[in-house]
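Reader: I should be grateful for a guided discussion of the structure shown below, with the reasoning set out for each answer.

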Amino acid sequence: MAVQTTTYALSGQRALVTGGSRGIGRSIALGLARCGANVAVNYRGAAEAAAEVVAAIKDHDRTAVAVQADVTDPKSVDRLLDAAESAIGPIDLLVNNAGIVRRSPFLDIAKEEWDAVLHTNLDGPFLVGQAVARRMVQRGIRGRIINVASTSSKDAGLNLTHYCVSKAGVSMLTKMMALELAGHGINVNEVNPGLIETDLTRGYLQNEANRQFRLSRIPMKRIGDPEEIVGAVLFLASHDARLMTGASVYVDGGVTIW
Ligand SMILES: NC(=O)c1ccc[n+]([C@@H]2O[C@H](COP(=O)([O-])OP(=O)(O)OC[C@H]3O[C@@H](n4cnc5c(N)ncnc54)[C@H](OP(=O)(O)O)[C@@H]3O)[C@@H](O)[C@H]2O)c1
C-alpha cells in the first residue's frame, strides 16, 4: 500500500501515539512525522518494532522516542508522559490507539479475559487521555486528542462481546471528553476503522471462511491497510478540523452502511 500523499502542516507538533510500535499505530506515528510532528512512540512489549519506528521517524529529521509503558497502569502512564515530554516537550497531540482483541462466545468469556480487554481498550484511553488532558489544561495547551475506536463501537460482532463493549465505551468517552474539554480549547474526536489487516486480525483472517464472511459484509469488498487510517487521523490533528469535536469518523469500506 502506497503511503499517504496528502499532507497537513503539523510542524512542531509534539505527538504521543499509544501502541505505536505495530499496525495502525505504527502507520499513524510515521504519518504524523511525515507532516512535521515530533513523536513519542509508546509500546508495551515490542521494543524492537518501536525502535524501528523511531529510526524511520528520525530519517524524516524529526525527534522521536520509544517509551515502554502499559496503558492499563496509572503509574506506568505517568512515567510514559514524563519520558515522552522530556524527549519531545509538552504533548499537544495524543492518539489513543493501543488495543487488543480476544474472541470468545459470551458464555465462555472468563473474568480475566473480560478485564484484559476492558482494561486495555477502555481504561487505557481514559487513563492516558485524562493524564494528557490534565497537563494540557495546566499549561494552557489547546491540544488535540484522537481516540482509535472501531466499527465495533456500534456494530455487534459474534464472539466479541468484550471488544464491542470496550469500543462502545470509547465512543462515549470521546463524547464526554469532547464535552468537558471544549472549554479548555481541547478537541477530542475518534477514528473508527473497519477491518484492517494487522497482527490483531491476521490469525482470524487466515481462516478463509472468516475472511469470506467478513468480505461479504463489506460493500467495498476488501480489507483495509493500516495506511488507509492515517489520513483521517492527520485531518483531525490538523487546523482544518478546528471546528470538530466529539465526532466519529468511520474509515471502513462502507461496512457501517447496513
Ligand atoms: N485491525 C483492525 O481491524 C482494527 C479495526 C478497528 C479498530 N482497531 C483498533 O486499532 C487499534 C490498533 O490496532 P492494530 O490492529 O494496529 O493492533 P496491533 O497490530 O495488534 O497493535 C497493537 C498495538 O497496541 C499496543 N498495546 C497493546 N496493549 C498495550 C498496553 N497495555 N499498553 C501499551 N500498548 C499496548 C501494542 O504494543 P506491543 O507491540 O508492544 O505489544 C501494539 O503497538 C486498536 O485500538 C484496535 O482495537 C483495529
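**Helix packing and the ligand shell**

Author: I begin with two helices of this predicted model. In α1, the residues I24, S27, I28, G31 and L32 meet E227, I229, V230, V233, L234 and A237 of α8.

Reader: Which class of residue is most relevant to ask about here: how many nonpolar, polar and charged residues does the contact of α1 with α8 have?

Author: The contact draws on α1 residues such as I24 and on α8 residues including E227. Divided by class, the contact of α1 with α8 has two polar residues, one charged residue and eight nonpolar residues.

Reader: Are α1 and α8 roughly parallel or oblique to each other, and why?

Author: The axes of α1 and α8, the latter being residues 227-237, lie 9 Å apart and make an angle of about 50°. Angles under 35 degrees count as roughly parallel, and 65 to 115 as roughly perpendicular. The angle between α1 and α8 therefore makes the pair oblique.

Reader: What is the handedness of the crossing of α1 and α8?

Author: The two helices pack at about 50°. The crossing of α1 and α8 is right-handed.

Reader: How are α4 and α5 oriented to each other, and why?

Author: Helix α4 covers residues 111-139 and helix α5 residues 161-181. Their axes come within 9 Å and cross at roughly 15°. Angles under 35 degrees count as roughly parallel. The helices α4 and α5 are therefore roughly parallel.

Reader: How many nonpolar, polar and charged residues form the contact of α4 with α5?

Author: On the α4 side the residues include W114, L118, L122 and F126, and on the α5 side they include Y163, V170, L173 and M177. The residues of this contact divide into two charged, five polar and 12 nonpolar.

Reader: Which residues of α3 meet α4?

Author: Helix α3, residues 74-88, packs against α4 at about 45°, with the axes 10 Å apart. That angle makes α3 oblique to α4, and the crossing is right-handed. By class, the contact has seven nonpolar, no polar and two charged residues. On the α4 side are L127, V128, A131, V132 and R135, and on the α3 side P74, V77, D78 and L81.

Reader: Which elements give two or more residues to the shell around the ligand?

Author: The ligand has 30 residues around it, of which G19, G23, A46, G99 and T198 come nearest. The elements that give two or more residues to this shell are α1 (23-34), β2 (38-43) and α6 (199-206).

Reader: How many residues of the shell around the ligand are charged?

Author: The shell has 12 nonpolar and 14 polar residues. Its charged residues number four.

Reader: Which residues does UniProt list for "domain: Ketoreductase"?

Author: The listing comes from an unreviewed UniProt entry. The span is 49% helix and 17% strand, and its end C-alpha atoms lie 29 Å apart. The residues listed are 13-199.

Definitions and conventions: Residues numbered from 1 in each chain as written. Predicted model: local features only at pLDDT ≥ 70, side-chain atom pairs only at ≥ 80, totals over all residues. Near = placed C-beta within 6 Å. Helix = DSSP H or I, 4+ residues; strand = E, 2+ residues; numbered from the N terminus. Nonpolar A, V, L, I, M, F, W, Y, C, P; charged D, E, K, R; others polar. Axes fitted to C-alpha atoms, helices over the stretch in contact; angles between N-to-C directions. Parallel < 35°, antiparallel > 145°, perpendicular 65-115°, else oblique. Left-handed = near helix turned anticlockwise from the far one by under 90°. Contact = placed C-beta atoms within 7 Å. UniProt positions renumbered as here; feature names shortened; annotations may be inferred.
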